[in-house]
Amino acid sequence: MALLKILLYPDERLHIVADPVSKVNEETRLLVRDMAETMYSARGIGLAATQVDVHQRVIVIDVSDTHDTLYVFINPEIVARSGESDYEEGCLSVPGVFGKVSRAHQITVNALDADGQPFTLDADGVLAVCIQHEMDHLLGKVFVEYWSQMKQSRLRTKLKKQRRKVM
Ligand code: NI
């Protein structure tokens with residue numbers, strides 16, 4: 001297994017739209033294992049392949065306190081959504097930045113697991129929010145891009161200054 005490098009906003013590669021996985025094979029499973037290791041190591045609750053510069057529709061999520069409930073979604077599609085919630089979100093690609101995004105409270109998602117088997121999951125609360133956040137990554141969208149242009153531009157300026165300091 002290997003730790004993968006996580007792209008940091010505003011890296012342009014975070015805007016690439018991911019392709020569906022045509023066949024779940026050993027390469028896919030290796031990607032899933034590496035993504036899970038990378039997510040746990042970075043203390044995240046979700047990671048999309050886009051964030052590690054692999055542009056395939058693959059997501060790993062674990063919202064449990066015990067870090068032992070891994071969800072793998074390959075080619076996820078949301079088939080139903082209801083309610084509304086606005087959790088304070090964070091993102092491994094935008095470290096230290098948090099903000100609310102309005103999303104569906106409950107969703108039903110169809111996907112393939114790491115063995116290529118189709119499954120359907122009903123999710124609500126933080127799991128539902130996390131799935132929607134990660135699926136946005138697959139479409140090239142980072143959560144801060146729901147914010148106003150002015151707030152985004154202020155964030156980019158702040159990040160540029162911070163990163164100059166640590167170099
Ligand atoms: Ni994210």
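This report walks through a predicted model, from its sheet and helices to its nickel site and salt bridges.

## About the model

Residues are numbered from 1 along each chain as its sequence is written, and side-chain values use heavy atoms, with hydrogens and water left out. Because this is a predicted model, local features need pLDDT of at least 70 and side-chain atom pairs count only at pLDDT 80 or more, while totals for chains, interfaces and linings use all residues.

## The sheet

Let us start with the strands. Five of them form an open sheet in the order S1-S2-S3-S6-S7, with antiparallel pairing. Helices (H or I, at least four residues) and strands (E, at least two) are DSSP runs, numbered from the N terminus, and two strands pair if DSSP finds at least two bridges between them. Strand S1 (46-48) and strand S7 (118-124) stand at the edges with a single partner strand each, so one side of each is left without a neighbour in the sheet. On average, neighbouring strands of this sheet are turned by 40° against each other, direction ignored. Such angles use axes that are lines fitted to C-alpha atoms, for helices over the stretch in contact, and run from 0 to 180 degrees between N-to-C directions.

At one edge, S1 pairs with strand S2 (residues 58-61) in the antiparallel sense over three bridges. Here Leu47 stands opposite Val60 in S2. At the other edge, S6 and S7 are antiparallel partners over seven bridges, and Leu112 stands opposite Pro118 in S7. The hairpin of S6 and S7 has five residues between the strands, and in it Gly116 takes a positive phi near 85°.

## Two helices on the sheet

Helix H2 lies across S1, S2, S3, strand S6 (106-112) and S7, and runs at about 120° to S7. What does the other helix, H1, touch when it packs on the sheet? Helix H1 (residues 26-41) touches S1, S2 and strand S3 (71-82), and its direction makes about 40° with that of S2. Contact here means heavy atoms within 4.5 Å.

## The nickel site

Which protein residues are donors of the nickel ion? They are Cys91 (SG), His133 (NE2) and His137 (NE2), lying 2.1 to 2.2 Å from the ion. Along the chain, these donors follow the spacing C-x41-H-x3-H. Cys91 and His137 link distant parts of the chain: Cys91 is in the loop between strand S4 (88-89) and strand S5 (99-100), and His137 is in helix H2 (residues 125-138), 46 residues apart.

Donors are N, O and S atoms within 2.8 Å of the metal (3.2 Å for Na, K and Ca); water is not among the atoms, so sites may look incomplete. Both Cys91 and His137 are buried. Buried means under 20% relative accessible area, exposed over 50%, and partly exposed in between (1.4 Å probe, protein chains only).

## Salt bridges

How many salt bridges does the structure hold? There are seven, each being a side-chain nitrogen of Lys or Arg within 4 Å of a carboxyl oxygen of Asp or Glu. One of them joins Glu26 and Arg33, whose closest N and O atoms are 3.3 Å apart. Glu26 is partly exposed at 45% relative accessible area, and Arg33 is partly exposed too, at 37%.

Another salt bridge brings together the side chains of Arg57 and Glu77 (3.9 Å, N to O). Arg57 sits in the loop between S1 and S2 and Glu77 in strand S3, 20 residues apart. Arg57 is buried at 9% relative accessible area, whereas Glu77 is partly exposed at 43%. The side chains of Asp136 and Arg103 also meet in a salt bridge (2.9 Å, N to O). Asp136 lies in helix H2 and Arg103 in the loop between S5 and S6, so this pair ties together parts that are 33 residues apart in sequence. Asp136 is buried, with a relative accessible area of 11%, and Arg103 is buried at 6%. Salt bridges that share partners join Asp11, Arg13 and Asp53 into one network.

## The loop between S1 and S2

His55 is found in the loop between S1 and S2 and is buried, with a relative accessible area of 17%. Its side chain makes a polar contact with the side chain of Asp53 (2.8 Å). A polar contact is a pair of N or O atoms within 3.5 Å; within protein, one must be able to donate a hydrogen and the other to accept it, and residues adjacent in sequence count only if both atoms are side-chain atoms.
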